[in-house]
Amino acid sequence: MANTLYPESYYAASANAVPARPALQDDVETDVCVIGAGYTGLSSALFLLESGFRVTVLEAAKVGFGASGRNGGQIVNSYSRDIDVIERTVGPKQAQLLGHMAFEGSRIIRERVAKYNIQCDLKDGGVFAALSAKQMDHLESQKRLWERFGHTQLELLDQRRIREVVACDQYVGGMLDMSGGHIHPLNLALGEAAAVESLGGAIYEQSPAVRIERGANPVVHTPQGKVRAKFIIVAGNAYLGNLVSELAAKSMPCGTQVITTEPLGDELAKSLLPQDYCVEDCNYLLDYYRLTGDKRLIFGGGVVYGARDPANIEAIIRPKMLKAFPQLKDVKIDYAWTGNFLLTLSRLPQVGRLGDNIYYSQGCSGHGVTYTHLAGKVLAEALRGQAERFDAFADLPHYPFPGGQLLRTPFAALGAWYYGLRDKYGF
Ligand SMILES: Cc1cc2nc3c(=O)[nH]c(=O)nc-3n(C[C@H](O)[C@H](O)[C@H](O)COP(=O)(O)OP(=O)(O)OC[C@H]3O[C@@H](n4cnc5c(N)ncnc54)[C@H](O)[C@@H]3O)c2cc1C
């Protein structure tokens with residue numbers, strides 16, 4: 001069987017050492033079979049193990065092979081569509097529940113890092129940077145909105161203050177969230193996997209789930225083995241393919257690209273981001289960046305609808321980086337890679353059950369580092385029979401992309417083109 005390796009990213013090159021994990025070659029029995037060892041799967045596994053369930057995780061490639069091991073590493077609170085949209089769509093009661101959970105994922109990450117002593121370069125502080133007065137107005141109303149749900153650690157930054165935290169003269173202001181921050185995402189996933197194993201959970205790599213036998217006693221088949229479980233959690237997100245046909249119709253994998261500079265040295269790094277906060281701008285097609293532990297700049301942006309891999313990533317992302325930081329014009333790019341996230345039409349996550357015993361969470365549409373950690377907790381609560389918070393997510397309405405799988409890519413690209421024009425011309 002082919003051995004699927006990590007992409008050649010900065011994260012793979014600087015990953016903490018981990019043991020080789022076997023492929024599944026037997027029939028095993030467990031309480032919960034988790035499909036996918038990204039944050040959704042690992043967070044679910046950890047919460048379930050802590051509650052006394054037996055857990056077996058199947059990973060098609062390697063722990064953190066998907067978005068969880070490739071992302072920008074930005075701990076961004078709330079959801080890709082905000083609580084006011086949720087409130088308008090589903091009413092105040094559900095918005096209350098989801099609004100109060102909107103910052104929980106970042107707390108879960110910090111608890112995990114502390115409890116399991118995970119070495120992942122965790123830093124506090126994330127900045128949303130406004131490129132126009134209209135975006136600044138939006139940040140002001142977003143702060144009021146988040147405060148309504150109890151999230152009060154936010155600080156608006158005027159033009160003078162934002163210059164103190166990021167040496168980029170494009171911004172008119174911003175908002176600092178000290179419960180945001182950044183991590184080495186692959187090392188977080190690897191640390192969580194080690195925590196799963198320390199609690200007796202089993203993780204099989206190079207073990208794709210190729211078929212699910214549904215029913216009262218479901219069975220998950222891999223090429224060389226099978227897992228009999230009481231429950232299944234499907235956590236394959238943008239890499240799931242068509243394993244579960246119901247999940248493919250209402251979501252679309254999209255690629256986004258990241259580059260990493262050579263080490264900048266302390267002085268240059270500090271001149272760009274003196275407090276070492278991470279930054280994302282407020283555009284629909286947003287740019288995001290931060291420093292690594294060894295003082296490189298990681299810069300991400302751009303979306304490829306339908307998740308084709310672009311041929312020359314550096315040619316797409318480097319100009320964006322130089323627009324923000326022209327002072328980096330002579331700096332070399334050491335790594336460039338792409339990864340897939342899963343978009344839904346509403347940009348809200350898709351959560352639910354198939355029958356009584358197959359659970360899923362997917363499609364957080366871009367911002368997923370915190371949400372996926374929360375999702376693991378909420379899924380574990382549901383399996384324990386406490387489904388109120390799970391149902392608040394599961395009741396969010398979702399619609400198929402117009403045109404089905406054939407036309408969803410051009411449709412979404414058209415939508416993004418429109419939003420790109422809005423970002424550019426401010427209408
Ligand atoms: C380049 C990039 C940058 C991003 N930057 C940020 C950021 O800075 N901040 C932020 O909040 N979010 C960011 N995101 C989004 C975030 O990374 C994702 O939302 C999140 O990691 C999704 O986690 P997941 O566990 O649901 O999916 P994934 O991490 O993709 O994990 C799914 C796993 O399931 C496995 N799998 C799939 N099918 C099967 C199968 N049949 N059998 C077994 N295993 C299977 C895959 O191999 C994969 O390892 C970014 C995403 C990308 C791609």
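**Exercise 1. In which loop does Gln206 lie?**

Let's start with a word on the model. It is predicted, so local features need pLDDT of at least 70 and side-chain atom pairs count only at pLDDT 80 or more, while totals for chains, interfaces and linings use all residues. Residues are numbered from 1 along each chain as its sequence is written.

Step 1. Find the flanking strands: Gln206 sits in the loop between strand S7 (202-204) and strand S8 (211-213). Helices (H or I, at least four residues) and strands (E, at least two) are DSSP runs, numbered from the N terminus.

Step 2. Look at the backbone: phi of Gln206 is near 50°, a positive value in a residue other than glycine.

Step 3. Check its surroundings. Gln206 is buried because 22 other C-beta atoms lie within 10 Å. The cut-offs are 20 or more other C-beta atoms within 10 Å for buried, 12 or fewer for exposed, and partly exposed in between, with C-beta atoms placed from the backbone.

**Exercise 2. Place Arg347 and classify it as buried, exposed or partly exposed.**

Step 1. Arg347 is found in the loop between S15 and strand S16 (350-354).

Step 2. Its phi is near 65°, again a positive value in a residue other than glycine.

Step 3. Arg347 has 16 C-beta neighbours inside 10 Å, so it counts as partly exposed.

**Exercise 3. Which residues touch the most other members of the largest nonpolar core?**

Step 1. Learn the term: a nonpolar core is a set of buried Ala, Val, Leu, Ile, Met, Phe, Trp, Tyr and Cys residues joined through C-beta atoms within 7 Å.

Step 2. The largest such core has 125 residues, and Ile35, Ile232 and Ile233 touch the most other members. Helix H12 (residues 369-383) gives the largest share of this core, 9 residues.

Step 3. Zoom in on Ile232. Not counting residues up to four places away in sequence, Ile232 touches Cys33, Ile35, Ile212, Pro218, Val220, Asn357 and Ile358. Contact here requires C-beta atoms, placed from the backbone, within 7 Å of each other.

**Exercise 4. Describe how H5 and H12 pack.**

Step 1. Helix H5 (residues 104-115) and H12 pack at an angle of about 80°, with their axes 7 Å apart. Axes are lines fitted to C-alpha atoms, for helices over the stretch in contact, and angles run from 0 to 180 degrees between N-to-C directions.

Step 2. This angle is why H5 is roughly perpendicular to H12. Roughly perpendicular covers 65 to 115 degrees; under 35 counts as roughly parallel, over 145 as roughly antiparallel, and the rest as oblique.

Step 3. On the H5 side are Glu104, Gly105, Ser106, Ile108 and Ile109, which meet Thr370, Tyr371, His373, Leu374 and Lys377 in H12.

**Exercise 5. Where does Tyr116 lie, and which residues does it contact?**

Step 1. Tyr116 lies in the loop between H5 and strand S4 (123-130).

Step 2. With 15 C-beta neighbours inside 10 Å, Tyr116 counts as partly exposed.

Step 3. Leaving aside neighbours within four places in sequence, Tyr116 is in contact with Gly191 and Ala195.

**Exercise 6. Set the sequence separation of Gly265 and Lys295 beside their distance in space.**

Step 1. Gly265 has its place in the loop between S11 and helix H10 (266-272).

Step 2. Gly265 is exposed, with 10 other C-beta atoms within 10 Å.

Step 3. Gly265 and Lys295 are 30 residues apart in sequence and 6.2 Å apart in space, C-alpha to C-alpha.

Notes:
Two residues are in contact if their C-beta atoms, placed from the backbone, lie within 7 Å.
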